[in-house]
Amino acid sequence: MMSNDDTKRGSSILNSLKKLIFEDDQPQQTPPAPTTNAAPERPQVPPAYSSPTAQAPTGKTPPPIPITANDGTTDLKEMKLKVYAILEKLNEQGVDFFEVWNAAAAMGKVEENTLKAAYTSLKFVDSSLTKDKLVATGTNYANKLKETIAKESEQKQAEKKKTEQDRTMEIANLNTEIKTITENIAKLQDDLQKKQLALGQINEKYEPRIKDIEQKINIGNAAVDEVVTEINTALHMINQSIT
């Protein structure tokens, strides 16, 4: 990290890198690297790569990198912004790869010329800055990011496994319910067929009994009519023969 005086010139050390995320598709013109004179003047450090107030490394584990956005979608540019935010928390004290990288971005694009120019400029700020320090600190930041995403990925894998288990269980439950309902439907269909068959045979079941009853009624009436006729005949004879 840089001094408190440099803090006044910027609020986020990776502002330039963050800005470049949304300028990837636009052509950039890289300014030529500064020429070296016999007695070089101390160049001005671009304010875009000034850092926040210097803080000693805490050794704390950086917050996890969210793999998905809040709405559940994944957007690479938004994710890179979050990764840069993690890097800002990982930034060690002093001028190192972090500051050189962002200074190169402040020049328009991170490439050999801008990295060399940023290194030359920042070496005036911190004489301890060397190529070995750049490589060591850059490698360290990359490794810490990998560790961070590895932990987050492990958590997401556990979440994925749990989600898959929930899905498997729900599929099993739904299949059981479907099987039960299917069996009930089959039973109802069988009952329905039996009822329809019984309905179709209802006349065959009752018609003989109905006809038998009707026949008995008719015979009974005929028998009564004959007996009544016999009685009436006898009564007529009585009336005629007996005085």
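This report looks at the salt bridges and one nonpolar surface patch in a predicted model.

Let's start with the charged pairs. Side chains of opposite charge can pair when their charged atoms come close. With a nitrogen-to-oxygen cut-off of 4 Å, the count comes to seven salt bridges. Three of them, including their closest N and O distances, are in the table.

| Lys | Partner | Closest N and O atoms |
|---|---|---|
| Lys144 | Glu92 | 2.8 Å |
| Lys162 | Asp166 | 2.9 Å |
| Lys133 | Asp126 | 3.8 Å |

Take Lys144 and Glu92, which form a salt bridge at 2.8 Å. Lys144 sits in helix H6 (residues 131-200), while Glu92 is in the loop between helix H3 (76-90) and helix H4 (97-106), so this pair ties together parts that are 52 residues apart in sequence. Lys144 itself is partly exposed, at 23% relative accessibility.

The Lys162 and Asp166 pair is a more local affair: these two are four residues apart in helix H6, or about one helical turn. Lys162 is partly exposed at 46% relative accessible area, and Asp166 is partly exposed as well, at 35%.

What about Lys133 and Asp126? Here the closest N and O atoms are 3.8 Å apart. Lys133 is partly exposed with 24% relative accessible area, whereas Asp126 counts as buried at 17%, because the cut-off for buried is under 20%.

Now for the nonpolar side. Val227, Ile231, Leu235, Ile238 and Ile242 make up a surface patch, together offering about 440 Å² of accessible area. One of its members, Ile231, belongs to helix H7 (residues 202-241) and is partly exposed, with a relative accessible area of 45%.

Methods:
Residues are numbered from 1 along each chain as its sequence is written. This is a predicted model: local features need pLDDT of at least 70, side-chain atom pairs count only at pLDDT 80 or more; totals for chains, interfaces and linings use all residues. Side-chain values use heavy atoms; hydrogens and water are left out. Patches are made of residues with over 30% relative accessible area and no salt bridge: like charges are joined within 9 Å, nonpolar side chains (Val, Leu, Ile, Met, Phe, Trp, Tyr) within 5 Å. Accessible areas come from the Shrake-Rupley method with a 1.4 Å probe; for residues, only the protein chains shown count as cover. A salt bridge is a side-chain nitrogen of Lys or Arg within 4 Å of a carboxyl oxygen of Asp or Glu. Buried means under 20% relative accessible area, exposed over 50%, partly exposed in between (1.4 Å probe, protein chains only).
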